[in-house]
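Please open the model in a viewer and keep the selection tool at hand. The stops below are to be visited in order, each with a selection to make and a description of what is found there.

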Amino acid sequence: MSDYTKPHHPNPPHGKGDKAHHASDFSYVGIDAILEQMRRKAMKQGFELNIMVVGQSGLGKSTLMNTLFKSKVSRKSVEPNAEDRIPKTVEIKSISHDIEEKGVRMKLTVIDTPGFGDQINNENCWQPIMKFINDQYEAYLQEEINIDRKKRIPDSRVHCCIYFIPPTGHCLRPLDVEFMKRLSKVVNIVPVIAKADTLTLEERDYFKQTIREELRANDIDVYPQKEFDEDAEDRMINDKIREMIPFAVVGSDQEYQENGKRILGRRTKWGTIEVENIAHCEFAYLRDLLIRTHMQNIKDITGSIHYETYRVRRLNESNSHLSSHPPEQMCAMIVP
Ligand SMILES: Nc1nc2c(ncn2[C@@H]2O[C@H](COP(=O)(O)OP(=O)(O)OP(=O)(O)O)[C@@H](O)[C@H]2O)c(=O)[nH]1
Ligand SMILES: [Mg+2]
């Protein structure tokens, strides 16, 4: 009798209750146990997420990065450095924090970039950003095509890019359109309206709607991209997010005590804007999208769409001068 036709009784009948039920239920194979196996593996490995902030100078990118680290995501892991002023960012810099919640470990890296738009000629100001993103894909590809490749390739790829739109209240500037057009082809972008506390609620709503229309008119596909919705449920959830984009955010790394509670906010003469309060701004929605609800999807799209596009292009280039590569390296390149 072949293995295939042999009756399989992994649970000998011993007793009553659940076990007895499984034993007598010959149709139960235990496929659902895969979830527990996956959970244990994921708990061991932990998670990594790399977020980049991009936009014109002075829009609050470095501040929002600190907000993200100081907010509920990692309140415990931040040392208080109360009154430090954030200096102007002059080079691309990554900052990582290890966060743990309910036994799940996560390494959150934010890549801060210098603002652009200060030069008289802003042509090609996207080049350093595009180069950084492509360099990370290249580093990953080089690890992947190694004959002795690591079991887990270190992932420095940019999973998501938060693009800061200045709160003009009018429309997108040609520079923002051009920048986002280029970025959206290589990375997931989530646009935000920076310093949203400078707009009234009506101005905010109107500006959000205008930006959505302009993104559509310019064929800029921001995250979550419609074409990657996998089913009707995905579409329903993501449609709601697409209706909210761009998130109107306010950033702050200053903590205050209000009614005995610690809040992150911006204190003004007429009150405190609480950055984590959804009645005040949409920072919490942005954070939830990136971490709580869509982190895995953001990483999947980075790997299966953006990195894949880069990889195919690079391998095609390599194929065209195949003779210059040693044959064993080319074989390794083909294996995914
Ligand atoms: N009103 C308001 N001001 C903000 C907000 N976020 C940051 N700022 C202020 O804007 C100024 C610039 O903030 P940064 O975080 O340094 O801006 P940046 O985008 O990193 O600037 P570069 O490094 O030059 O690109 C600081 O004085 C911040 O306190 C916000 O949401 N609202
Ligand atoms: Mg900065």
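Select Lys131 and Asp135 to begin: the two form a salt bridge, with their closest N and O atoms 2.8 Å apart. A salt bridge here is a side-chain nitrogen of Lys or Arg within 4 Å of a carboxyl oxygen of Asp or Glu. Both residues belong to helix α4, where they stand four residues apart, about one turn of the helix. Helices (H or I, at least four residues) and strands (E, at least two) are DSSP runs, numbered from the N terminus. Lys131 is exposed, with a relative accessible area of 53%, whereas Asp135 is partly exposed at 35%. On this scale, buried means under 20% relative accessible area, exposed means over 50%, and partly exposed lies in between (1.4 Å probe, protein chains only).

The model is predicted: local features need pLDDT of at least 70, side-chain atom pairs count only at pLDDT 80 or more, and totals for chains, interfaces and linings use all residues. Residues are numbered from 1 along each chain as its sequence is written, chains are lettered from A and ligands numbered from 1 in the order in which they are written, and side-chain values use heavy atoms, with hydrogens and water left out.

**Further salt bridges**

Move next to helix α5 (residues 174-184) and select Arg182 and Glu178, which are four residues apart and therefore separated by about one helical turn. Their closest N and O atoms are 2.9 Å apart, and the pair forms a salt bridge. Arg182 is partly exposed, with a relative accessible area of 35%; Glu178, at 30%, also counts as partly exposed.

Now select Arg242 and Asp239. This pair forms a salt bridge with its closest N and O atoms 3.0 Å apart. The two residues lie in helix α7 (residues 232-244), three residues apart, about one turn of the helix. Which of the classes, buried or exposed, applies to Arg242? Arg242 counts as buried because its relative accessibility is 17%, while Asp239 counts as partly exposed at 27%.

Select Glu138, Arg313, Arg314 and Glu317 together: salt bridges that share partners join these four into one network. Over the whole structure, a search finds 18 salt bridges.

**The sheet**

Switch to a cartoon view and display the strands. Six of them form an open sheet, in the order β2-β3-β1-β4-β5-β6, with mixed pairing. Strands β2 (93-101) and β6 (247-248) stand at the edges with a single partner strand each, so one side of each is left without a neighbour in the sheet. Two strands count as paired if DSSP finds at least two bridges between them.

Select β2 and β3, which run antiparallel and are joined by nine bridges. Within this pair, Ile95 stands opposite Val110 of β3. The hairpin of these strands has two residues between them, and there Lys102 takes a positive phi near 50°.

Keep β3 (residues 104-112) selected and add β1 (residues 47-55): these two pair in the parallel sense over seven bridges. Leu49 has Leu108 in β3 as its bridge partner.

**An enclosed helix**

Select helix α3 (residues 61-70). Nine of its 10 residues are buried, so the helix is largely enclosed by the rest of the structure. Among the buried residues are Lys61, Leu64, Met65, Leu68 and Phe69.

**Charged patches and a loop**

Select Lys41, Arg105, Lys151 and Arg152, which form a positive surface patch. Patches are made of residues with over 30% relative accessible area and no salt bridge, with like charges joined within 9 Å and nonpolar side chains (Val, Leu, Ile, Met, Phe, Trp, Tyr) within 5 Å. Lys and Arg count as positive and Asp and Glu as negative; His and the chain ends are not counted.

Arg152 is found in the loop between α4 (127-145) and β4 (160-165), and at 46% relative accessibility it counts as partly exposed. Pro154 has its place in the loop between α4 and β4 and is partly exposed at 48%. Draw a distance from the C-alpha atom of Pro154 to that of Ala139: the separation is 9.1 Å, with their positions 15 residues apart along the chain.

Finish with Glu230, Asp231, Glu233 and Asp300, which form a negative surface patch. Asp300 lies in helix α9 (residues 295-320) and counts as partly exposed at 41% relative accessibility.

How values were computed:
Accessible areas come from the Shrake-Rupley method with a 1.4 Å probe; for residues, only the protein chains shown count as cover. The place of a charge is taken as NZ of Lys, CZ of Arg, CG of Asp or CD of Glu.
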